[in-house]
Structures are given as structure tokens and as C-alpha cells.
Amino acid sequence: MGSHHHRPALLPRGRPQACLPAGASCSPCTSSSRGLPVSLQALGQTPPPSLLSKLNPFNRHRESYSHGAGIIPFHRKAKNKGVSVARAFIRLDREETKFQDERGPARQRRSARREEAGPGRLGGAAQERAAGPVGGASPATRASSGPRLRAVSAGRGTRRSSREPLRDGGGVSGEPVGGRTWLRGAEVGGCPASGAALRADLAELEGAGERSAGGPRGPGERTAAGPVASAAAPGERGGDGAPGRVGTGASALFAGLQDLGVANGEDLKETLTNCTEPLKAIEQFQTENGVLLPSLQSALPFLDLHGTPRLEFHQSVFDELRDKLLERVSAIASEGKAEERYKKLEDLLEKSFSLVKMPSLQPVVMCVMKHLPKVPEKKLKLVMADKELYRACAVEVKRQIWQDNQALFGDEVSPLLKQYIVEKESALFSTELSVLHNFFSPSPKTRRQGEVVQRLTRMVGRNVKLYDMVLQFLRTLFLRTRNVHYCTLRAELLMSLHDLDVGDICSVDPCHKFTWCLDACIRERFVDSKRARELQGFLDGVKKGQEQVLGDLSMILCDPFAINTLSLSTVKHLQELVGQEVLPRDSPDLLLLLRLLALGQGAWDMIDSQVFKEPKMEVELVTRFLPMLMSFVVDDHTFNVDQKLPAEEKAPVTYPNTLPESFTKFLQEQRMACEVGLYYVLHITKQRNKNALLRLLPGLVETFGDLAFGDIFLHLLTGSLALLADEFALEDFCSSLFDGFLLTASPRKESVQRHVLRLLLHLHHRVAPSRLQALQKALEPSGQSGEAVKELYSQLGEKLEQLDHRKASPAQAPETPALELPLPAVPAPAVL
């Protein structure tokens with residue numbers, strides 16, 4: 001096979017006669033190097049509507065370059081038809097050399113026939129009549145074959161077409177496949193820019209000792225894809241396409257082509273401006289920048305017979321070559337020694353970076369940058385300065401930008417943190433009331449699969465500096481808002497990195513093993529003795545001079561899921577101590593739980609004051625308050641036993657309804673006592689112990705920091721109250737629950753009003769009508785109420801209307817005549 005290592009050449013630029021009107025544009029390239037064939041680039045053909053239905057799969061950021069330039073996607077069906085024909089005829093046989101030798105005489109014969117037919121006729125068998133001179137305003141008439149030319153209208157450019165990659169098991173390197181040879185890396189595509197750039201990139205890969213699909217090539221074989229102009233030789237039909245308006249920034253997008261010595265739209269425009277025979281100039285440009293395979297001269301007309309535009313074939317080949325190049329870049333990044341492969345990628349990036357704004361070749365440049373552990377600083381600054389390039393680059397490249405630009409990283413992280421808080425608060429106000437499916441039901445691993453945690457994990461990667469930035473953001477937001485959900489995210493992010501075995505971060509985070517052990521306890525919803533000793537070992541292992549670690553440990557323990565686990569374990573230990581007849585001060589496991597609980601509840605104060613010391617535990621908490629809770633457990637047990645005695649042995653015992661003043665004082669003054677006391681209330685509610693609940697409710701009106709009216713506690717309490725649905729029909733129960741507790745804070749805390757409405761939406765049919773009307777009036781939203789409260793109140797009103805309608809229906813039932821009437825007695829017929 002003859003050698004065709006041609007460089008793109010243009011006609012001499014000194015020809016005197018201009019063939020275009022002033023201001024006309026015939027650039028062969030639009031905003032992407034996937035341009036139209038030259039014979040259609042300069043034409044005003046309108047795209048068929050069916051081609052506008054699907055976006056280019058590589059157009060990841062279409063708003064960055066599609067404006068003004070126009071993108072003409074097409075259906076997969078149309079592509080497959082053209083590709084199947086192309087694959088059938090673009091194989092080279094053993095007579096390829098013969099076709100190559102005959103190429104010159106054939107061209108001369110076609111040129112002679114064209115000159116005889118006049119400027120309006122092109123192609124051997126094609127019949128096409130020009131409606132006017134090239135450069136005029138009227139389009140040329142299309143024939144069934146041959147180049148389809150249209151006059152260049154003033155101020156108009158071209159619209160390119162997008163193609164999905166041509167998928168095939170064969171390669172593009174010219175290796176034998178089944179006894180034949182697939183199309184070699186010839187200059188193919190729809191624009192001279194893209195193919196030449198791929199030719200340069202593939203040549204670079206081959207120069208580095210890489211092969212795209214098979215063994216080494218012969219000396220006479222072409223090595224890469226060339227310009228993507230129309231592959232039609234003189235006399236052949238040009239590709240079908242539809243021109244559009246070139247965007248104002250089209251020239252800027254292809255400025256990098258001049259650095260590579262590749263012909264672009266400006267070169268073609270200048271050539272056509274200075275030429276005397278524009279048709280011949282276009283043909284020569286197509287010949288020099290098209291697919292230089294002799295077999296295509298006879299194969300491409302078959303595509304015309306099948307009604308397949310040339311553009312579809314060239315675009316498919318271009319996409320295939322680009323995919324092959326992307327595969328080779330990924331292969332280089334994973335093969336050989338690190339220094340060698342990174343050197344190859346750096347060289348390739350240096351040669352191809354000028355084309356980074358070309359949408360069709362941008363994925364190749366971005367792929368090279370993605371696999372470089374250290375992109376040159378100059379390139380990173382150029383990417384960061386261009387918003388569109390910044391959006392298009394991979395997260396691996398963004399990490400290198402973020403680590404030196406904390407403000408930019410904060411802009412990326414801030415929406416995720418806001419979304420996380422919104423999701424957590426929405427879960428607390430869910431309309432579903434259930435003990436089994438509440439805020440704490442999802443397992444830790446399930447929670448870590450959430451969108452925000454996964455995106456943050458990917459953004460951080462293995463970069464310790466970015467991980468430290470995220471922790472700084474979480475600490476700052478926690479201090480500003482006191483929102484404990486930021487503590488949850490701190491623990492979830494660390495464990496998400498642990499799941500991915502990111503040792504670069506887990507090994508340097510001193511809280512890793514502590515969080516890992518606590519995560520196991522949260523999963524089991526209980527802290528057993530073995531894990532309690534492990535957690536104690538981590539706390540005792542904090543060395544002098546490293547006290548700041550306590551700040552992060554306290555933040556992890558402040559996670560509501562950790563507080564929930566520690567509080568449940570504390571209540572369970574108290575019940576066990578009652579059966580063992582052991583005081584709280586004599587239980588090391590209980591004391592450790594209280595130590596962890598105090599450290600978590602003091603997280604905000606510790607980080608705010610920067611005094612990293614474990615808070616001192618109040619002695620009265622252990623010596624007075626906890627024994628008081630144990631006495632409540634004894635009262636419950638005694639009352640239950642008395643109720644089970646036979647009638648003759650049962651003494652007149654009433655459940656104690658008085659509450660010690662010291663208990664209420666503890667709830668008001670000590671946070672630890674209040675937390676444990678609230679979880680004991682949740683415990684007795686789950687046990688459906690109405691007597692114990694009514695006894696303790698008055699003590700919850702005033703608590704430390706209004707913890708009893710916090711969203712987490714009310715979320716759990718309303719779910720547990722669903723188990724006491726039958727009690728809502730009793731006036732004394734509703735009076736104690738609503739009037740004595742919930743409605744006392746409803747006017748000043750909108751969140752309490754939302755939780756009460758949630759409860760009534762679930763249990764309104766159990767409440768007495770008179771009580772229901774009073775509650776509906778008390779919970780009516782004011783003008784300052786939020787939309788969430790108004791929406792819940794509206795839903796409650798609809799539920800009550802439906803309830804009234806159902807109650808009214810049975811009253812009308814007796815008025816309707818019965819359908820089943822007794823049959824009159826009929827004597828039996830006499831037996832014959």
C-alpha cells in the first residue's frame with residue numbers, strides 16, 4: 001500500500017478573485033471539531049427535524065459550547081443503517097495497491113468530465129444543476145449522487161452533527177481481522193481539526209511504544225485519524241448535513257488548531273476568498289483532508305444509494321477513534337512504571353491542551369488530566385479561570401484545584417451540607433408514626449449510602465488536606481448553629497472512607513478506631529461490656545499534649561445516633577441493676593456510659609471554649625438521681641405484681657401519682673439527668689405503661705434547655721404514643737398529654753405544633769369529638785405560621801371532614817328499605 005502521510009495543505013492564498021460576498025463565512029468548523037464535510041459546511045441546508053431529538057452523549061456540558069453553534073444529533077437508527085453499510089465496504093482487500101495506483105488517472109477523468117459539464121455539474125454519474133454561482137444567495141439543486149453544494153449565504157456558518165461512537169469488535173489500527181484488514185487510522189471525520197488532532201495524539205502514543213488495537217504497523221500505513229472533512233474524492237458525493245449559525249465564539253474555540261499546524265475554518269475561508277475556482281478548491285480541500293483510502297472511492301457511493309449521509313459515516317469513525325484514544329490513555333495510566341507513564345501523559349497533555357476548548361476533543365484532554373497525579377500549575381490556573389472548563393474537568397482534577405483554594409472548595413461543599421441538614425430535619429417531621437420505623441431505624445451503613453455522604457466521599461478521595469477542610473467546615477457550622485446533625489455527618493464521612501479502605505485518611509485520623517467501635521455499638525443499639533472497655537481504652541489513651549483529640553471525640557459522641565445508643569444502654573443497665581440489687585455507683589459499665597454521654601453532651605462547650613478536658617460528672621447524678629429512677633422501676637414492678645394477684649389476696653393498691661420535687665429539679669438543672677430521664681419516659685411509653693407516663697409528664701414541662709420539646713425527643717415520643725391509641729379516647733389521658741404538656745409550648749415553638757399535628761393526623765379517629773374540636777381550635781395557625789404548619793393543619797381539616805362524613809352515613813341507613821325480605825311460606829306440593 002502506498003504511503004499517504006500528507007499534511008493538510010491549502011491552495012495558494014494569492015489568487016486574486018474573491019468568491020464570497022463581504023461578511024460571508026464558510027468556516028468548516030463549528031463549536032466542535034465534529035464538523036460537517038466541507039461541501040456542506042459552506043451550504044445553507046436546513047437539518048431535518050428528526051435529527052434534533054437526541055443530544056450528543058459526549059456533550060456533557062452542552063451549555064458551554066452549544067449556544068450559537070448548533071448541535072445536530074441524530075437517531076441511533078439512522079446511524080446504524082449508515083454504519084452497517086460502511087462496515088461492509090470499508091475493508092481493504094489485497095488489491096488496495098491497485099486502487100491506489102489508479103487514483104490519479106481516475107481523478108483526471110472525473111475532472112475532465114466535470115469541466116465539460118460546466119460548473120453546475122459534479123461527479124461521474126451524478127446529475128446536479130447549480131442554481132447560481134458559488135457565493136451567491138440561492139442554493140444549488142441536489143442530485144441523487146455527487147457532492148451536494150449550496151451557496152454560502154452572507155453571515156451564515158454551519159451546524160455540526162453529533163454521532164455516538166461506532167461500536168465494533170474490529171480495531172482501527174490496520175490489523176488483520178478474519179483474513180481482512182479494517183480501516184486503518186486514516187484521516188476521517190467531519191472537520192479537518194478533529195482528525196488531525198487525533199492523528200497527532202495517536203502518533204504520540206505510538207511514539208511512546210503504544211499500539212491502539214494490535215501489533216505494529218507497516219511502514220506505509222497511516223497511524224492516526226486525520227481531519228474530519230468529507231471523505232468524498234473529486235466527483236464523489238458530499239455528506240448530507242444541515243448548516244446552522246456559527247456561534248460568535250467559534251473562532252476562539254479553534255484557536256488551538258493553528259498551534260498544531262492544522263487547517264481550520266479561517267484557512268478555508270481565506271482560500272475560498274482568494275481562489276478563482278471555488279468548486280475545485282473545495283474538492284482539493286476535501287481530498288487533502290479527507291479519508292485517504294482508495295477503497296472508499298467505490299464504497300461511499302453505496303452509502304448514497306442507501307440514503308445514508310456521508311457525515312454519519314465520518315462521524316462514526318471519528319467517535320470510534322476518539323474512544324480508542326481514550327482507552328489508550330487509560331491503558332497508559334495503568335501500565336509500566338509510574339515515572340514513565342506519567343511522563344508520557346505529561347507530554348501528551350502539553351501537545352493537546354491547546355484543544356481543550358474543542359467539545360469533541362475535550363474528553364481526551366480531560367482524560368489525560370484525570371490520570372495525572374499532579375497537573376502542571378499553569379494548566380490548573382487556566383482551567384480554574386474558565387468556568388466551563390472547570391465544570392467539565394473530572395473530580396480528580398478538581399481536587400488538585402480545591403486543595404489550594406479553600407474558598408472554591410467551600411462553594412462546592414456548602415450546598416451539600418445544606419441538603420444534608422434539610423434531609424435530616426425532614427425525616428424528623430415525617431408523617432409516619434411508628435416505633436419500628438423512626439429516625440434511628442436505618443443502620444449506619446445504610447445511612448452512609450446517602451447522596452450527600454457519597455458525593456463528599458468522592459470529592460475528598462484520598463486527599464488528606466480536603467478531608468481536613470471538610471472537618472473544619474463541620475466544626476465551624478456546628479459552633480454557629482448548634483445543629484447536632486453536623487456531628488452525624490462528621491462520623492458518617494469518616495466511616496464512609498473506612499468502608500472504601502482509604503488508609504491515607506483513616507490512618508491519620510486519631511478518631512478512626514474509636515468511631516469504628518462506636519459505629520458497631522450504634523448498629524447493635526447497645527454498648528456491651530467488651531466494647532465499653534474498648535471505648536474506655538481509647539479515652540484513657542489520649543496522651544498529654546494531644547488533648548485536642550477530645551474535641552473531635554466529643555463531636556462524634558454528640559451525634560444523635562450515638563446519644564440515642566448510649567441513653568438506651570443506660571436505661572437498660574438501670575433495669576439490670578434493679579434485678580441485681582446493685583447501686584449505680586458500683587457498676588463500672590454504667591459509669592463509663594455516663595462518662596461517654598457527658599463527653600458528647602459537652603461537645604459544643606468544649607469546642608467553643610477550646611478547653612479540651614472531660615467534663616466532671618455530678619456526684620448527685622449517680623448517688624441521687626439514678627437511684628430515684630430505679631425506685632420508679634420498683635414502683636412499676638410492685639404495681640404490676642399486685643394487679644396479677646388473686647382477688648382474695650389483692651390489697652387496694654393505687655399507683656403513686658405524685659412526683660418528687662427533686663426529680664423535677666434534676667431535669668431542670670442538669671443536662672445529663674434530663675437526657676437519661678427523657679429516655680426513661682420513652683422506655684415506659686414503649687412499654688405502654690400509661691400510669692407511669694401520666695405520673696412523669698408534669699415534670700417535662702420545664703427541662704434543661706427545653707430538651708423535652710426538642711425535635712428528636714418529640715419525634716420518638718409521638719411514635720411511641722401510637723402504641724397507646726386506645727387511651728386517646730379517655731379525657732383524663734388527653735388532658736394530661738395535650739393540656740398539661742404539649743400545648744404548653746405550642747404557642748412559642750412552631751416545631752411542637754407540627755409534632756402535635758402529626759400525632760393527630762395519625763390518631764384523630766381515636767380522639768373524642770369534643771376534645772378533637774378543642775385541639776383543632778388550639779392548633780389553628782396564625783398569620784406568622786410557616787407553610788409546613790399550614791399544610792399539616794389543612795390535611796387535618798380534610799381528615800376530620802371525611803371522618804364526619806363517615807359518621808353521618810350510618811344514621812341514614814335505617815331510612816333505606818331493606819333489600820333482603822323474608823319469603824312467604826309456601827306449602828309443599830302434594831306427592832302424587
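# Salt bridges, aromatic pairs and a charged patch

Searching the whole structure turns up 26 salt bridges (a side-chain nitrogen of Lys or Arg within 4 Å of a carboxyl oxygen of Asp or Glu). The model is predicted: local features need pLDDT of at least 70, side-chain atom pairs count only at pLDDT 80 or more, and totals for chains, interfaces and linings use all residues. Residues are numbered from 1 along each chain as its sequence is written, and side-chain values use heavy atoms, with hydrogens and water left out. The same whole-structure search for rings finds 13 aromatic pairs.

**Salt bridges**

- Glu492 forms a salt bridge with Arg447, and their closest N and O atoms are 2.4 Å apart.
- This pair links distant parts of the chain: Glu492 is in helix α22 (residues 485–499) and Arg447 in helix α19 (residues 444–447), 45 residues apart. Helices here are DSSP runs (H or I, at least four residues), numbered from the N terminus.
- Both Glu492 and Arg447 are buried. Buried means under 20% relative accessible area, exposed means over 50%, and partly exposed is in between (1.4 Å probe, protein chains only).
- Arg448 and Asp519 meet through their side chains in a salt bridge of 3.0 Å, N to O.
- Arg448 sits in the loop between α19 and α20 (451–460), and Asp519 in helix α24 (residues 512–524), so the pair ties together parts that are 71 residues apart in sequence.
- Arg448 counts as buried at 4% relative accessibility. Asp519 is buried too, with a relative accessible area of 10%.
- Arg595 and Glu614 form a salt bridge through their side chains, at 2.8 Å from N to O.
- Arg595 belongs to helix α28 (residues 588–601), while Glu614 is in the loop between α29 (603–609) and α30 (619–644), so parts 19 residues apart in sequence are tied together.
- Arg595 counts as buried at 19% relative accessibility, whereas Glu614, at 28%, counts as partly exposed.
- Arg475, Arg490, Asp509 and Asp552 are joined into one network by salt bridges that share partners.

**Aromatic rings**

- A pair of aromatic rings is described by the distance of the centres and the angle of the planes.
- Rings of Phe, Tyr and Trp (its six-membered ring) pair if their centres lie within 6.5 Å; planes under 30 degrees apart count as stacked, over 60 as edge-to-face and the rest as tilted.
- The search of the whole structure gives 13 aromatic pairs. In one of them, Trp402 and Phe409, the ring centres are 5.2 Å apart and the planes are at 45 degrees, so the pair is tilted.
- Trp402 and Phe409 are both buried.
- Phe728 and Phe733 form an edge-to-face pair, with 5.3 Å from centre to centre and 75 degrees between the planes.
- Phe728 and Phe733 are buried as well.
- One aromatic cluster is made of Phe625, Phe632, Phe663 and Phe666.
- Within that cluster, Phe632 lies in helix α30 and is buried, with a relative accessible area of 4%.
- Phe632 and Pro656 are 24 residues apart in sequence, and their C-alpha atoms are 9.6 Å apart in space.

**Charged surface**

- Glu787, Glu791, Glu798, Glu801 and Asp804 form a negative surface patch. Residues in such a patch have over 30% relative accessible area and no salt bridge, and like charges are joined within 9 Å.
- Glu801 lies in helix α38 (residues 787–812).
- Glu801 is exposed, with a relative accessible area of 59%.

Definitions and conventions. Patches are made of residues with over 30% relative accessible area and no salt bridge: like charges are joined within 9 Å, nonpolar side chains (Val, Leu, Ile, Met, Phe, Trp, Tyr) within 5 Å. Accessible areas come from the Shrake-Rupley method with a 1.4 Å probe; for residues, only the protein chains shown count as cover. Lys and Arg count as positive and Asp and Glu as negative; His and the chain ends are not counted. The place of a charge is taken as NZ of Lys, CZ of Arg, CG of Asp or CD of Glu. Helices (H or I, at least four residues) and strands (E, at least two) are DSSP runs, numbered from the N terminus.
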